[in-house]
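Visitor: I have this model open beside its sequence, and I would like to work through a helix pair and a pocket with you. Could you take me through them step by step?

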Amino acid sequence: MDLKPLDADQLYHRCDLSQFGFRSTADLSPEFAALGQDRAMEAINFAVGMKHPGYNLFVSGSTGIGRRELVARTINAQAAQGEAPQDWVYVHNFERSHEPKMLSLPQGLGQALSRDMQQLVEQLLIRIPATFKSDDYRNRVQELTDEFEQREENEFKALGEKAHEDQITLMRTPAGYTLGPLKDGKLMTPDQFKALPKEEQDRIKAALERLNAELTELVRELPRLQQEQREAIKALEDEVTHSIIDPALSQLRDTYGTETEVLAFLDQVHQDMIENVDDFFAPEKDDNAKTPLHKLAKGDSFRRYHINLLVSHSSDVGSPVVVEDIPSYQNLVGRIEYQSYFGTLSTDFSLIQPGALHRANGGYLIVDAQKLLSYPFAWEGLKRALRNHEIRIDPLEKMYGISGTRSLEAEPMPLKVKVILIGERRLYYLLKAYDPEFSSLFKIYADFNEQLDRSRDNIESYLGLITQLVQEEALAPFALSGLERVIEQSSRRVDDSAKLSLNRGQLVDLLREASYCATQAGASEVAAEHVSRALKLARTRSAQYSEVMQEQIERGTIMLASSGTAVGQGNGLSVFQLGDQRFGKPARISATARLGSGKLIDIERETELGGPIHSKGVMILANCIGARYARNAPLSLHASLVFEQSYGMVDGDSASAMELCVLLSAISGLPIKQSLAVTGSINQQGEIQAIGGVNEKIEGFFELCRNRGLSGDQGVVIPKTNVDHLILDKEVVQACRDQQFSIYAVSTLDELIQLLFERKPGNADDSGRYPPASVNGRVQQQLLDWTEQARKLSGKSEQ
């Protein structure tokens, strides 16, 4: 095998835009299409167009792709073509006050009804007191009073005249009426009465008894006369009240003549106003006399006539689109508020507040799935509303079963809404697996793509997207070289030179920062050097931890060799992710091997510092050893593997190829080169598999070698399948071009062995034996020797 380093041209897949025939973004047109999201947009359009229940939408994708913006743009465009839904109001239930009624009205009528009812109360507060205080009303009341007083007086006058004929007088006293005999026109004294003859006394007594009976009967009739008087005055009050209220309500009935629910409510209002007309009179000594009329009309005395305008669409065009940022239970389904009066809580229909579902009814509701699931009862409340096709407002204390105050039982609102949840893929699949109702309520799934093929057509569209962002952000125009550098960085973000990143957040940040660098440099256009400058500044801002690690390696605090050879140790490569920045650093991997029972100890796993993927890689390489070197004999090996000076979690299998080579070195006693760092995973057949973060890993080892001094013998070995992912820093590419640093690509374990051990790996013959002088032969022979020793030791122990 003749393994040569990769050519410099393979280390940086440059983007050439000269064939497109433009000079800068000033020559390009913005592209507003959902680039690379055809599948997701098709799903969104299907969900929006499907009118049957249950076809709600779950949108997933990585943060920064622009899914919210694209969803909002699509939904808003669709909503603009829809019809504005009805207005919804709550009104007082005059029969059962704790069960408010809900009315649906055509668009705009809800606000009009609320205004008209307010004006009605204000008008009656003026007209009713004014009419009842008018001279005409007082005269009519006085006429009725005089009439009944005259009737009473006539009755007593007739009785008095009848008594006078019998020489008896009828007198009015403070205690009432009384009868007494007369003599010479004067009231007879008791002595004078006793002086009368017996016959005269008997006559007077008989007359008094007769007249007294008539007087008693007449007095008994007085309450009836007074009742008639009160009824007559009440009838007059009703007549006057109707003369005021009837025309006002008749005008409202004419206005809302086609709305049967409103007419039924107005009938109840009419009856209640007639029965409670006294409410419209403010006490003379009350502060209400100084209160403005509009405030009086909004007071508690007239609250039952108010309209609780829950949802109004008076000025809306198209269907509503509501984005709920705090999707708590109450913010979704509404809430009932309370007022405190001297420590007592009370509520009524006017304190019912709408939720996001009320506002979005007839349109679209967009909610963050993660936030929705974090609020108690919010997810269950949303599901119940979608399942029952209605919004029922139940207070949280009722949900918890701890309510000590009687609440309202508001009439539910019929619901017709399209809900769009935006969340991670993990949430979608968890809900799909563990919530039986989820699949029936959210039938459509839109998964946003994170990368795009770097083809000519896609690059054209990508340039349109960049132009759009440049114009939206009012940035300096990007020159041809600047655009090429942006596209190259986009490919690097997805670790693939054949792909483009669709992360709009990262893209717009890079455009802003590059434009800033160009402005600071006094350039009129953003060139490649300005983009590189922006990237360098971003790395520098997050490089403190990386620099500390690098300093510890250079000072020898972290032991790591970059030259010479050693047995049982080698250089692996790791990637660290801190925020938005990734960087690679080398790490020493060491192994020990001795006679044993075939056990391979992963020290990281034993100390619970190794992740499951890393443990899987170690298990694979252990089985790879057995399959290659001990197919026909037991594996009498006891070995251990560890990442030296690693004090945190280790995960991933990208070091498994190097771990296997270090273990082979420990078994065979052959040294391996310390000037090479290796990254790549291995399978049970000895094939080297692709890994992530290849660019950062190479640059991490290059930084160490550069600081120590490039010797020309240093380099990195990567899987051959990662060659297309290489978009390395220009300094690394130049060093490789000058043959000061090398990057090798391998596809098999034997190729890796040849590079690290600098001797032939050796090929197995038909019997599975490797040449004794080869690396594989030395490993196989050592394993066979240990097996023989184990057999002999086992035989001695039996004896």
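Guide: Gladly, and please keep in mind that this is a predicted model. Helix 6 passes helix 7 in a right-handed crossing.

Visitor: How are helix 6 and helix 7 oriented, roughly parallel or roughly antiparallel?

Guide: Helix 6 covers residues 198-255 and helix 7 covers residues 260-275, and their axes lie 11 Å apart at an angle of about 165°. Angles over 145 degrees count as roughly antiparallel. Therefore the orientation of helix 6 to helix 7 is roughly antiparallel.

Visitor: Which residues meet in this contact, and how many of them are nonpolar?

Guide: From helix 6 come Thr241, His242, Ile245, Asp246, Leu249, Leu252 and Arg253, and they meet Leu263, Leu266, Asp267, His270, Met273 and Ile274 in helix 7. Sorted by character, the residues of this contact include three polar and three charged, while the number that are nonpolar is seven.

Visitor: Turning to the second largest pocket, which element gives the largest share of its lining?

Guide: The second largest pocket holds about 690 Å³ of space, and 31 residues line it, with Ser574, Phe576, Ser646, Met649 and Val650 the closest to its centre. Elements that give two or more residues to this lining are helix 20 (544-554), strand 21 (569-578) and strand 22 (581-595). The largest share is five residues, and the element that provides it is strand 22.

Visitor: How many residues of the lining of the second largest pocket are charged?

Guide: The lining of the second largest pocket divides into three groups, of which the nonpolar one has 15 residues and the polar one ten. The number of charged residues in that lining is six.

Note on methods. Residues numbered from 1 in each chain as written. Predicted model: local features only at pLDDT ≥ 70, side-chain atom pairs only at ≥ 80, totals over all residues. Heavy atoms only, no water. Axes fitted to C-alpha atoms, helices over the stretch in contact; angles between N-to-C directions. Helix = DSSP H or I, 4+ residues; strand = E, 2+ residues; numbered from the N terminus. Parallel < 35°, antiparallel > 145°, perpendicular 65-115°, else oblique. Left-handed = near helix turned anticlockwise from the far one by under 90°. Contact = heavy atoms within 4.5 Å. Nonpolar A, V, L, I, M, F, W, Y, C, P; charged D, E, K, R; others polar. 1 Å grid on protein atoms, 1.4 Å probe; cavity = no way out; pocket = protein on both sides within 12 Å on 5 of 7 lines; lining within 4 Å. Points joined across faces, edges and corners; volume = space filled by probe spheres on them.
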